[in-house]
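Trainee: I have a model open on my screen and would like to learn how to read it. Could we go through some features together?

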Amino acid sequence: MFRRGSKTEAELAEYRKNAVSPQLLNDAIFHAKGYGLEIGATICDLKSLKMPGVEQLDFLKIGSYELLCDDLISACGETGKPLILSTGMATLDEIWTAVGAVQADIIGNTDVISVLHCVSL
C-alpha cells in the first residue's frame, strides 16, 4: 500500500543498489553537453539530490513511486530546476498534493513544472 511521506530505510537501500554512480552521472552530463543536449535525472531520495554532478543537470524528474514523498518533491523544487512529476497511477488528489509541495517555489515561473502521465499495463 502506498503512503504519503518518506521512504523507509529498507526501501532506500533497495534503490541505492541500482543507483547511478557520481562518475557515471558526470560522464553522462559531459557527453550530453558536448552534443548540445539537455540532461536530467530521476531523483529517488534526498541523498541522491546531493550527489556531485546533480547541480549540472538541466532538469529533475520525480518517479511515480516518489510522487507521495512531499519532502523530496519540495527539496527538488527548491533547486529552481525544471521538475517533471511522473504520475503513474496516482489519483488526481495525489497529483495536486505533489504540485502543492513545490507550488511556493514555482510561483511566477510556469516553465518549472511538468506533469507526465504514463502507465504500465
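Trainee: Let me start with the cysteines: how far is the sulfur of C44 from the closest cysteine sulfur, and which residue holds that sulfur?

Mentor: Happy to help, and please keep in mind that this is a predicted model. For a disulfide, we look for two cysteine sulfur atoms within 2.5 Å. Here the closest cysteine sulfur to that of C44 is in C76, at 9.7 Å, so the two are too far apart for a bond. Seen from the other side, C76 has its closest cysteine sulfur in C44.

Trainee: And how many disulfides turn up in the whole structure?

Mentor: The search finds 0 disulfides.

Trainee: Are C44 and C76 buried or exposed?

Mentor: A residue is called buried when its relative accessible area is under 20%. C44, at 18%, therefore counts as buried. C76 is at 0%, so it counts as buried too.

Trainee: Which other residues are buried in helix α4, where C76 sits?

Mentor: Helix α4 covers residues 70-78, and its buried residues are L72, I73, S74, A75 and G77, along with C76. After α4 comes G80, which has a positive phi, near 80°.

Trainee: Now the sheet. In what order do the strands lie, and how do they pair?

Mentor: To read a sheet, follow its strands from one edge to the other. This open sheet has 4 strands in the order β1-β2-β3-β4, and the pairing is parallel. At the edges are β1 (40-42) and β4 (113-116), each of which pairs on one side only. From one strand to the next, the twist averages 20°.

Trainee: What joins β3 to β4?

Mentor: Strand β3, residues 83-86, runs parallel to β4 and is joined to β4 by 4 bridges. For a specific pair, look at I84, whose bridge partner in β4 is S114.

Trainee: Where is L60 found, and is this residue buried or exposed?

Mentor: L60 belongs to strand β2, residues 59-62. Its relative accessible area is 1%, so L60 is buried.

Trainee: Which residues is L60 in contact with, leaving aside its neighbours within four places in sequence?

Mentor: The contacts of L60 include A41, I43, L49 and V54. Also among them are C76, T79, K81, P82, L83 and I84. Two names should be familiar: C76 from our cysteine discussion, and I84 from the bridge to S114. As for L83, its C-alpha atom is 5.0 Å from that of L60, although the two residues are 23 apart along the chain.

Technical notes: Residues numbered from 1 in each chain as written. Predicted model: local features only at pLDDT ≥ 70, side-chain atom pairs only at ≥ 80, totals over all residues. Heavy atoms only, no water. Pairing = 2+ DSSP bridges. Axes fitted to C-alpha atoms, helices over the stretch in contact; angles between N-to-C directions. Buried < 20%, exposed > 50% of the residue type's maximum accessible area, 1.4 Å probe, protein only. Contact = heavy atoms within 4.5 Å.
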